Structures are given as structure tokens and as C-alpha cells.
Amino acid sequence: MKKTLFLLTIALACLLSACKNVGTTKVTASGTIYEVLVVIDNPQWQSQCGDSIKAYMEADMPCLPQIEPYFNISQVPHSLFDDALKATRNILYVDINPARYTQAKITYHTDVFAHPQALCKIQSPDDESFLNIYLSNAVQIRNWFVRQEIDRQGVFYRNYQTTDTREAVQKRFGCDIRIPSDYMLVRDTIYNTPDGKLTLVWCVNNGGSMRKDLLIWSYPYRNDSTFTKEFLLQKRDEVVGKNISGQIQGSFMGTEHKHFPPQFTPINLRGKYCAEIRGLWKLYGGEAMGGPFVQHTRLDEINGQVITAEVYLFAPGQKKRNPLRSAEAILYTLQLPEELMISDK
């Protein structure tokens with residue numbers, strides 16, 4: 001029933017968007033964020049091929065306080081993949097056909113049938129070849145769809161930015177970042193630490209039923225040991241412990257290490273190294289509060305500064321995948337001074 005309603009919703013949205021886009025080359029993509037339509041025939045879907053797709057695309061997203069998948073997926077056979085469904089925002093298209101292919105291949109496409117749209121196509125002569133190539137690339141495929149969603153959110157933020165917080169970031173760090181207009185600046189400060197001067201900008205979105213915070217801080221770069229998991233988590237606990245507290249006197253924010261250890265992942269961001277840490281935060285010595293966080297740490301080579309940008313959520317009793325991913329997209333819009341110089345040329 002859920003699958004049928006999902007497909008009907010997509011079809012209706014596609015027809016409506018097509019009417020609104022008469023005279024344009026592409027209709028507006030339909031569907032909900034972090035949903036993927038898998039186009040694969042029923043025999044393969046009900047075999048190990050389908051099980052393997054589900055195992056990766058529906059795997060538990062790490063560092064959330066409750067179980068939520070990377071993606072919600074739905075399946076349709078090729079015979080039902082009509083013009084309406086072709087406008088779906090995320091499509092994994094699996095074509096297993098011995099008469100058409102002699103070897104397996106993966107290709108990535110954007111805006112094929114609609115905009116914005118991400119389409120990954122896997123062609124293969126048989127099930128075995130599909131499994132070999134898919135299992136070797138499943139994480140890359142999943143990460144590609146995630147990044148497409150994050151980039152779309154970043155484009156959206158371009159038109160809905162807050163001015164005061166953006167100007168504070170520009171003034172304090174010489175950086176630029178797209179901060180949504182519903183985030184309010186709550187702290188802009190500089191203070192001394194044993195490692196040197198620390199600069200902090202903090203803003204919050206406290207509207208609606210959940211709270212979303214954005215923190216950006218910088219400190220002098222010393223050596224490569226700065227970009228280790230141990231150092232960055234120690235620095236995080238130092239910064240948030242000093243600046244963020246609960247209503248009970250003496251309480252402070254920290255990182256949850258025991259039950260849900262944070263994950264450290266080096267990523268490439270516009271050709272430069274970025275240390276990503278995902279984890280859970282909790283309030284120590286106070287109320288039972290906590291939630292997920294994601295942070296990016298990068299090196300400002302021009303000013304010799306380490307810059308960390310972090311988002312975290314407080315949303316008790318609510319699903320957190322989509323709002324965390326949407327907030328996480330802010331981190332990807334941060335441009336360091338060197339990048340701004342290049343973009344100005």
C-alpha cells in the first residue's frame with residue numbers, strides 16, 4: 001500500500017509540474033528528499049539483486065539516536081516506468097539484459113528527464129555481473145545520491161540567506177557561507193585559550209518543533225596532528241563545553257563517546273582536505289538532552305587558521321535524518337578565503 005501511494009503521489013506531482021512548465025525543456029522533479037525510485041524488473045528485485053540494493057540504500061544512517069535509513073526506496077518494473085515516473089528526483093535504473101550488454105557498466109547523470117534530478121544507471125548482461133559491479137560500488141552510488149541532495153539544498157539556500165550571521169562570518173573568518181534566513185545570530189565572540197585565540201560565531205533556528213544550531217569556530221594551526229579524530233573531538237568538547245549549557249547551573253554540552261562513538265571520515269571538498277566527524281552530543285550535569293551533530297574542519301592556508309563548522313539538532317521524539325541532512329548542507333557552502341579569491345578572478 002505504501003509503495004502504491006508513493007508511486008501515485010509521484011505521478012500526480014509530475015503531471016502538475018508538467019503543466020506548470022509548458023514551454024520549458026525540463027519538468028520540475030517530483031518526490032520527497034532522500035527517496036529513491038529503483039527501476040528494475042520484478043524477478044531481479046525479488047532475487048539477490050534486489051536484496052543487495054536494499055542492504056545498502058536502506059542501511060541505517062550512522063550516528064542518529066534512532067534507526068533511520070539512508071534512503072526510503074520504492075521499486076517499479078521497466079514496463080511501468082512511464083513519463084510521469086521519469087520525473088522522479090532520484091532514480092536508480094537497473095537494466096539487466098544479455099541481448100543488449102556484454103559487460104557491466106555504471107553511469108551517473110543529472111537532469112535527464114526533469115530538474116533537479118539524479119539518475120544512476122547500471123547496465124549488465126546478467127545477475128552475476130550486476131552483483132559484482134554493484135557490490136564494488138554500492139557505497140559510492142549511495143554517497144553520490146546523498147551529495148546530489150546536499151548540493152540541491154545548497155542551491156536553495158542561495159536565495160534564502162540571513163544577512164547578520166553571514167556578515168559576522170565574513171568579518172571574523174574572512175569566509176563566506178550560505179546560512180538560511182531562519183537562523184538567528186546569538187553569539188559572536190573571541191577569547192583566549194592555551195592553544196591561542198579562539199573565534200566563535202553561533203546561530204540558531206529555534207522555530208517550529210525542533211532546534212537546529214550552527215557553530216563556526218577557528219584557532220591557530222599548529223601541525224598536522226590538528227586533523228586527527230582525537231584532537232578534533234577534544235577541541236569540540238572544549239569549545240561546546242565552555243559555550244553551551246543547559247538550564248541547570250553547571251551543566252554543559254559534550255560528545256557522547258561510550259554508547260555511540262563518533263565517526264571520523266576524511267572527505268574531498270572542492271579539491272581540498274576536509275575532516276568530517278559525525279556523532280551524538282549530550283548534556284552533562286543537567287537535563288536529559290542530546291541529539292546528532294555533523295562537523296567539517298578545514299585549513300585556512302592564507303591565515304594559518306583551523307576552521308570548524310558544525311550543525312547539531314535537538315528534536316526529541318522526531319525523525320532526524322532529513323532535518324540533519326538539510327542542516328548539514330550548510331557546511332558544504334562554506335568557502336575559505338583562498339576559495340573566495342579564486343572565485344573572484
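**Exercise 1.** Which strand does Gln295 lie in? Work out, too, whether Gln295 is buried or exposed, and which side chain its own side chain makes a polar contact with.

*Solution.* Keep in mind that this is a predicted model.
- Start with the location: Gln295 belongs to strand E14, residues 290–300.
- Next, the accessibility: Gln295 has a relative accessible area of 1%. Buried means under 20%, so Gln295 counts as buried.
- Now look for a polar partner: the side chain of Glu310 makes a polar contact with that of Gln295, at 2.9 Å.
- Finally, check the neighbours: leaving out residues up to four places away in sequence, Gln295 touches a set that includes Trp217, Ile277, Leu331 and, from the exercise that follows, Leu232 and Arg236.

**Exercise 2.** Take helix H6, residues 229–243, and check what its 15 residues should span. Then find which residues of H6 are buried.

*Solution.*
- At 1.5 Å a residue, H6 should span 21 Å, and its end C-alpha atoms are 21 Å apart, so the two agree.
- The buried residues here are Leu232, Leu233, Lys235, Arg236, Val239, Val240 and Asn243.
- Looking down the axis of H6, these fall within an arc of 160°, so they line one face of the helix.
- Turned away from that buried side are Glu230, Gln234 and Lys242, which are exposed.

**Exercise 3.** Do the same for helix H5, residues 163–173: which residues are buried?

*Solution.*
- Thr165, Ala168, Val169 and Phe173 are the buried ones.
- They cover an arc of only 100° around the axis, so they sit on the same side of H5.
- Thr163 and Lys171 are exposed on the other side.
- Step just past H5 and you meet Gly174, with a positive phi of about 70°.

Note on methods:
Residues are numbered from 1 along each chain as its sequence is written. This is a predicted model: local features need pLDDT of at least 70, side-chain atom pairs count only at pLDDT 80 or more; totals for chains, interfaces and linings use all residues. Side-chain values use heavy atoms; hydrogens and water are left out. Buried means under 20% relative accessible area, exposed over 50%, partly exposed in between (1.4 Å probe, protein chains only). Helices (H or I, at least four residues) and strands (E, at least two) are DSSP runs, numbered from the N terminus. The arc is that of the directions from the helix axis to the C-beta atoms. The expected span of a helix is 1.5 Å times one less than its number of residues. A polar contact is a pair of N or O atoms within 3.5 Å; within protein, one must be able to donate a hydrogen and the other to accept it, and residues adjacent in sequence count only if both atoms are side-chain atoms. Contact means heavy atoms within 4.5 Å.
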